[in-house]
Amino acid sequence: MAFQKAVKGTILVGGGAVATVLGLSQFTHYRRKQVNVAYVEAAEHITEPVNREPPSREAQLLTLQNTSEFDILVIGGGATGSGCALDAVTRGLKTALVERDDFSSGTSSRSTKLIHGGVRYLQKAIMKLDIEQYRMVKEALHERANLLEIAPHLSSPLPIMLPVYKWWQLPYYWVGIKLYDLVAGSNCLKSSYVLSKSRALEHFPMLQKDKLVGAIVYYDGQHNDARMNLAIALTAARYGAATANYMEVVRLLKKTDPETGKERVSGARCKDVLTGQEFDVRAKCVINATGPFTDSVRKMDDKSAADICQPSAGVHIVMPGYYSPENMGLLDPATSDGRVIFFLPWQKMTIAGTTDTPTDITNHPIPSEEDINFILNEVRNYLSCDVEVRRGDVLAAWSGIRPLVTDPKSADTQSISRNHVVDVSDSGLITIAGGKWTTYRSMAEDTVDAAVKVHSLKAGPSRTVGLFLQGGKDWSPTLYIRLVQDYGLESEVAQHLAATYGDKAFEVAKMASVTGKRWPIVGVRLVSEFPYIEAEVKYGVKEYACTAVDMISRRTRLAFLNVQAAEEALPRIVELMGRELNWSDRKKEEELETARKFLYYEMGYKSRSEQLTDRSEISLLPSDVDRYTKRFHKFDADQKGFITIVDVQRVLESINVQMDENTLHEILNEVDLNKNGQVELNEFLQLMSAIQKGRVSGSRLAILMKTAEENLDRRVVIPVDRSCGGL
């Protein structure tokens, strides 16, 4: 099948299927007509889901096995695949969805967390007079408004500041941003505006002051991407789609069409990754929505199929919340190499990214130190010199693979927009490729439209515009107050539950354990500094969480916010999941090991820990070496040359500080490079050297030893003198 340059809304058709597909102009007109109808259809014809709660995974597997034939089988449980399943099932089609890993385990959970039209795409559309780029931005802005409406608990508008450092740039950027508002039309979230230098610094006090002229503020949406993806999949399940994660497609099934004599795709052989069981899932139509793995599924259908995806890696980092205002993002429109960097508040932290570099396709993308340092350097250029941007403040980092649609000969991924294509093979396999998070719904609509037409399925128009996702229908901004009043949850925990589960938050609250304290009454936290509670682990199993990685990265977002906190919570999470899923002791150990590897390689723990290795040089002044050595010897009273948990406990007891042994073990293990249960003087000096350089921050051992030393120095022996021979 010949490959054509892809543009939004294009349907690529192979051989015998050409006559069965609408022409582009007719298709576009048909789709616009559908969108107008969809607002009415969603309200009139889709009242309530068939299931109050999503069926269990076991029930879904039985449905997959026992259904003689589905209308549509979707391969891929990312945003687009889940969107296809929801679009199909709400049209009345018998729908199945299988995902090799977990829902949103790939690209869909590793985004910049923005719901946006694409300011930079609009710039390209204007500069290059590219009508397709313009249409893509126009549609994305419509989808942005819809997504904010159907999942209000998971999304919200976010003001983003564009700082200006040259006077001529002020009118240039202002015109561009105003055009962005104009293109949005009635879907504009809030009008953009200009700020003077003083007002810009008032809103963003950590901004670089020198040469600052002013700033322009515009609005886009922000969301919790993994939870949004999960909400789409759960909503599809509630409307009757048979959805199952950890179901791998081993091969595609085919049968001969009696009318044409050609082979047609008729389903897939699926394997339960958790049990190894295999069975066939038959379907009239198979949709390939596998993101970066698009071409591998296409080659299952046709080994000679040309590649239509060029993967690009995007790295993000998470830093403490004090690096940005609570409700104001920052856009760097022109980095040192021409890429765009966002600097945004997210989940009370600060997220910065993204890079854009060609990459190989892998199930486990790893953030590189080079990309992390690139982002940090760009952040330094925009923040005041009063703010020390330290490598040690990177709490988590991840890499996501974007499935960009491109000509295979192109090597420059930066010039590729996120247009999408719907590709129909000679055997009837429907592939949806490219696109971006914001437009998942319209991509799904285009895909199911093509499936209905090509395979002559009986279905009406799309009904997903205005259709609430799970948790959104009865959510309100004040819902968390009822959680506090009715269940005795902490306000921060209640806000988190309302913002994560929407109107389903009450179900989580009902499962919360009693704390045994006066306040909060219920809601035992997994880690002290984050509002995640143990009840979420139990509820996560109901949301198809099958592994500890599912829980720390997608049901909660701990791994994306702080890898050390996620590792600290892991033992308790595994214990709770083990109870719900009847794990053996061996299975629990396997889950712990797998989750720790995930944190180490995919969430930036490796890059973080490599800032302090046994090859680290010690670059301290002689006076510093002497000071830190004396501090070390206050713990190493026996002059052994190393300190252990016993040494630390002894000093803490002398200053009346109690700390449990497990916590002390974790604290020492962070610095124990050779993992021998001891911290040598050389390791301690390496730590202090790395802290001075900003490569490491927040070392609990360093802070503990400094505090203990100060308390020891304040202890002065007060003599008791008896006067006058007193009693």
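## A walk through the salt bridges

Start by selecting residues 623–658: the C-alpha atoms at the two ends lie 32 Å apart, and the span is 64% helix and 6% strand. Keep in mind as you go that this is a predicted model. An unreviewed UniProt entry annotates this span, along with 659–694, as "domain: EF-hand".

Next, turn on the side chains. Side chains of opposite charge can pair when their charged atoms come close. Here the count of salt bridges comes to 40, and the tour visits a few of them.

**Stop one: Glu369 and Arg391.** Select both and look at their side chains, which meet in a salt bridge with 2.8 Å from N to O. Which parts of the chain does this pair tie together? Glu369 sits in helix α10, residues 369–382, while Arg391 is in the loop between α10 and β17 (396–405), so the bridge joins parts that are 22 residues apart in sequence. Now switch on a surface. Glu369 is partly exposed, at 25% relative accessibility. Arg391, at 6%, is buried.

**Stop two: Glu492 and Arg525.** Move along to this pair, where another salt bridge brings the side chains together at 2.9 Å, N to O. Color by secondary structure and you'll find Glu492 in helix α13 (residues 491–501). Arg525 belongs to the loop between α14 (505–510) and α15 (535–542), and the pair links distant parts of the chain, 33 residues apart. Is each partner buried or exposed? Glu492 has a relative accessible area of 28%, so it counts as partly exposed. Arg525 has 18%, which puts it under the 20% cut-off, so it counts as buried.

**Stop three: a network.** Pick Lys504 and Glu507, and check the gap: the closest N and O atoms of this salt bridge are 3.7 Å apart. Both Lys504 and Glu507 are buried, so a see-through surface may help here. Then add Arg52 and Glu53 to your selection. Together with Lys504 and Glu507, they are linked in a network of salt bridges.

**Last stop: Glu445.** Select helix α11, residues 440–454, and pick out Glu445 within that helix. How accessible is Glu445? Its relative accessibility is 1%, so Glu445 counts as buried. Show Arg441 as well, and you'll see what its side chain does: a polar contact of 2.9 Å joins it to the side chain of Glu445.

Note on methods
Residues numbered from 1 in each chain as written. Predicted model: local features only at pLDDT ≥ 70, side-chain atom pairs only at ≥ 80, totals over all residues. Heavy atoms only, no water. UniProt positions renumbered as here; feature names shortened; annotations may be inferred. Helix = DSSP H or I, 4+ residues; strand = E, 2+ residues; numbered from the N terminus. Salt bridge = Lys/Arg side-chain N within 4 Å of Asp/Glu carboxyl O. Buried < 20%, exposed > 50% of the residue type's maximum accessible area, 1.4 Å probe, protein only. Polar contact = N/O pair within 3.5 Å; in protein donor to acceptor, adjacent residues only side chain to side chain.
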